[in-house]
Amino acid sequence: MKPYLYKLLIICVITITSSYSQEFVPPIQNYSPAEYAAASQNWDIALDERGVVYAANNQGLLVFDGVNWELFPLESRSIIRSVYPYNGKVFIGSYQEFGYWETTDEGCMNYVSLTSLMKDIDMQSDEFWEITSYNDAIYFRSFGAVYKYQDNKISKIEEIVSTAMGNYKDQLILAPRKNGLVSLDVSGKLTPLEGNLDVIMNINVIDIESAGDTLYIGGKEGLYYYANNKVRRFWDNELNEFLQKSELNHIISVSDNELVLGTIKNGIVHYDISGSTYHVYNRASGLQNNTVLGMAYARDKLWLALDKGVDYVDLHEPIKFYTDNTGEVGAVYDLQIYRGEYYLASNTGVYRIGNSGPELIENATDHTWNLEVIDNTLYANHNTGTYKIVNNSFVPIDNRTGSFVIKKLKENDKYLIGHYTGLSLFDPGNAELEVLEEINFPVKEIVFEGDDKIWAAHPYEGLYRITTDGWEEFEIEKVSPLGDSKNFSPKIYKVNDQILTYIDEKWYKYNPFTQTFERSKELASYDHSRLVYKGDSEYIFINTLEGSLVITDLKDEQFSIPAQKLNNRMVKGNENLVRLNDSIFYVTLNDGFARLNLNRLRRQREAEWISAPFIKEFSDEIERYSLKDPAAIPYKQSRNITIKAGMPVSEAGEVIYELKGEESLSGIVTGGEINFRNLKHGDYELQLKAAGENMNKTLPAEILYFSIAPPWYFSVWMKAVYVLFLILIFLFIYWVNKQKLKKHQLQLEEKFEKEHSERLNMLEKQRLMNEIDLKRKELANTTMMAAKKNEVLMEIQGELSKDKNKFSNQFRIKHIMNKINTAVKNKDEWKVFETNFNEVHEDFFKDLLKRYPKLTSKDLKLCSYLKMNLSSKEIAPLMGISVRGVEVHRYRLRKKMKLDSDVNLTKFLIKNF
């Protein structure tokens, strides 16, 4: 706001409601203080090259990225009066404070104060109200001086107090207080602007703005312009009178032939220089406030810093609105331009739009469905009947019951009226009405199929095909339910001589050969889209799911108008379009109507601004990362990754994202924020792209590269540990296998050695067995021989004993007998026997004596013979006794050994010893 106007802020807001209230208004977007969460008052506004909006607010710097608002207050909490983005920095001016905000690599806003550079300058309570750039330097002004910032130095432009400044033909123009205009050259020299400046020499210049070769100058007295070295008062006196009353505050050029003038009391004036026409947009038009403190124009949108809130106006939008701010009109169902005036059919009646706003037609109160101009007469289908409008009053044709539609018959001059209880014929020539009694159900829509067939749509219960013979006899046929539907709320059309119906969100066509409806393949892509306008080559559908308008020729061309373009204000279920000419359509709304310039809309699609999305923050739960270098996120911090994105206001409706890498994800960015949870570790690429209906431009995607470090157990060091561990395991396995092999080899050697030893033992055993067998045989033979010898000797002894008396030499006989007896009981033979026996039966005597220690040598001798399994007969000679003696000895031996009588002594000795 200009300095001398500061005191005017206490003036109450005044709005005009005269000739501007009925004008069509471009779309206006309001951002209230509650939405941006800061103070009401905004003193200045500007946009950077990306389209990000910066507003100088009472509480600090407001930043709007197209999705979210953020407030950045000064440390002193001072009011920011001016803002100017330049070369990646956002310069601001405040009370004795000048500096800039810059974005760090992490996306944070960091403030750098330059006030310290002015410590040698005498500032007297300066507030810096305006900032601009010229020749790579920043100029800013206060109440008392103009300053220059360049090369990190601030200098004061001497001897000038300027109330405005701006660029014109590569010059910086300053407006000394009540002293015309001067230009500032690179060296800092001030030179009066060439030409006749007398007209403005005694006025305070409020603002200056260049447009082509013309410099526009604003003051309290109105608008002036400088061209061809001369200042003149602006030629439109009506405009100047308006500006004087409304108090001009700002000027901005939106093209070489268009100006926008911001006022203190009455919003903005959009002035067309070539046509000398203007439109006023104020609070009555949709602005939040009439006091405009700052303006910025970029990308076809005019941004306004208001005394209350921030607004933007789509000045060149092909869709403009007429809004009934009183609420009297209500929802508009139909519109007609009749004899140069607008007539509206709404849920509250029929209105004519006059200079003072909507005027209710006399007696037209109540719901009105349709307006129709037939034979230069305007008819209304009203809740109480059918009327024609004559001299702005309702003239009844039929007021028995309400009606929906009226159409003229082709074969005669009569009109067919569809009403709440059936059909009627009206003859306008003699004003006669004939009720067709045969048709006794409500008819909301009528379509003619030839001269004798009518299709009638019941508002609730389906379709009827009516065949008539001269409108006297009727054949009525109800259409069977189509598909799963019961034909509720049908719509009936005739397109290119083909009967079509839209039922249950699907399109069907009538086959005259089978006299049935079948699914329309041609319109299958328009399911969930109801036809609201049909022309010779253009068709307009309403998408019932999204609320958007689809404009097509059913061949090649097709584009959409999003519901947001119409502010979601169409009357749902009763959308209606009325064509004025080849380019202009009117769209009925729930609080007025809109004018759509279709040709301008097509041209706009070719030149529309599409903003590129950008990433402004990349962080995890703990840390915020640089946006310039690929971020490496520790695994522990990667559970919740947040990306904040902005997309400045443009024709793009949304931002879509696509994540590529270890995981692939895609979706729509909601609320300017994306959250990724529990992503796998690895490298990723995130792409952000602008998206929206009718986008015919492809912009480069915003790309962010980042990586998630592996968990500690997958880190490089741990991988090295794992490799080392695997090597150790391999070596261990190798060692174990080697030991196993060695052990196996040893086992084989032991086995071979054992087998060899066993073979040797077996051979040795076999040898020993053979030796034993041989000794046993020798023992047996020796024993047998000794037994035979003793037996012979004993026989000889016996024979000698029988005949001993016959020998003469008894001594000799006795000596022989002794020798024989000695030979039988030869101890040497027993020792030899004992030795051989012990070799065959080792430890026999030892074990026997150990068990039976009382055995005598004779007992042992008998036991040895019994061990050899000798009989008593064979033992007797060996012992030198009789067989009877052996038996007695065996008996005694059994007693000593305490054996039962049933135990065989020989077997006992063989088995146990």
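This passage describes the overall dimensions, the nonpolar cores, one sheet and several loop residues of a predicted model.

The protein chain of this predicted model contains eleven helices and 64 strands. Its C-alpha trace spans about 205 × 105 × 40 Å along the principal axes, and the radius of gyration is 62 Å, whereas a compact globule of 913 residues would have a value near 29 Å. Of the 913 residues in the chain, 50% are buried. The accessible surface comes to about 46600 Å², and carbon and sulfur atoms account for 49% of this area. When contacts with a separation of 6 or more are considered, 49% of them join residues that lie 24 or more positions apart.

Turning to the interior, the largest nonpolar core consists of 27 residues, and the residues with the most contacts inside this core are Leu-848, Tyr-865, Ile-875, Leu-893, Met-897 and Leu-909. Two or more residues are contributed to the core by each of helix 6 (827–840), helix 7 (844–851), helix 8 (857–867), helix 9 (872–879), helix 10 (883–897) and helix 11 (905–912). Helix 8 supplies the largest share, with five residues. The surroundings of one core member, Ile-875, can be described in further detail: when residues up to four places away in sequence are not counted, Ile-875 touches Leu-862, Tyr-865, Leu-866, Leu-870 and Val-886. A second core, separate from the one just described, has 25 residues, among them Ile-615, Ile-641, Ile-643 and Ala-690.

Among the strands, an open sheet is formed by four strands in the order 14-15-16-17, with antiparallel pairing. Strand 14 (162–168) and strand 17 (190–192) are the edge strands of this sheet, since each of them pairs on one side only. On average, and with direction ignored, neighbouring strands of the sheet are turned by 30° against each other. In general, the strands of a sheet pair through backbone hydrogen bonds, and the pairing may be either parallel or antiparallel. Within the sheet considered here, strand 15 (residues 171–176) pairs with strand 16 (residues 182–184) in the antiparallel sense over three bridges. Leu-174 stands opposite Val-182, which belongs to strand 16.

Three loop residues were also examined. Asp-497 is found in the loop between strand 46 (491–495) and strand 47 (498–503), and has a positive phi of about 60° although this residue is not a glycine. Asp-497 counts as exposed because its relative accessibility is 71%, and the cut-off for an exposed residue is over 50%. A positive phi, of about 65°, is likewise found at His-528, which is not a glycine either. His-528 lies in the loop between strand 49 (516–519) and strand 50 (529–534), and with a relative accessibility of 33% this residue counts as partly exposed.

The third residue, Ser-285, is located in the loop between strand 25 (277–281) and strand 26 (292–298). Although Ser-285 lies in a loop, this residue counts as buried, because its relative accessibility is 18% and the cut-off for a buried residue is under 20%. Leaving aside neighbours within four places in sequence, Ser-285 is in contact with Val-25, Ile-28 and Val-280.

Definitions and conventions
Residues are numbered from 1 along each chain as its sequence is written. This is a predicted model: local features need pLDDT of at least 70, side-chain atom pairs count only at pLDDT 80 or more; totals for chains, interfaces and linings use all residues. Side-chain values use heavy atoms; hydrogens and water are left out. Buried means under 20% relative accessible area, exposed over 50%, partly exposed in between (1.4 Å probe, protein chains only). Contact means heavy atoms within 4.5 Å. A nonpolar core is a set of buried Ala, Val, Leu, Ile, Met, Phe, Trp, Tyr and Cys residues joined through side-chain atoms within 4.5 Å. Two strands pair if DSSP finds at least two bridges between them. Axes are lines fitted to C-alpha atoms, for helices over the stretch in contact, and angles run from 0 to 180 degrees between N-to-C directions. The radius of gyration is taken over C-alpha atoms; the globule rule is 2.2 Å times the number of residues to the power 0.38. Accessible areas come from the Shrake-Rupley method with a 1.4 Å probe; for residues, only the protein chains shown count as cover.
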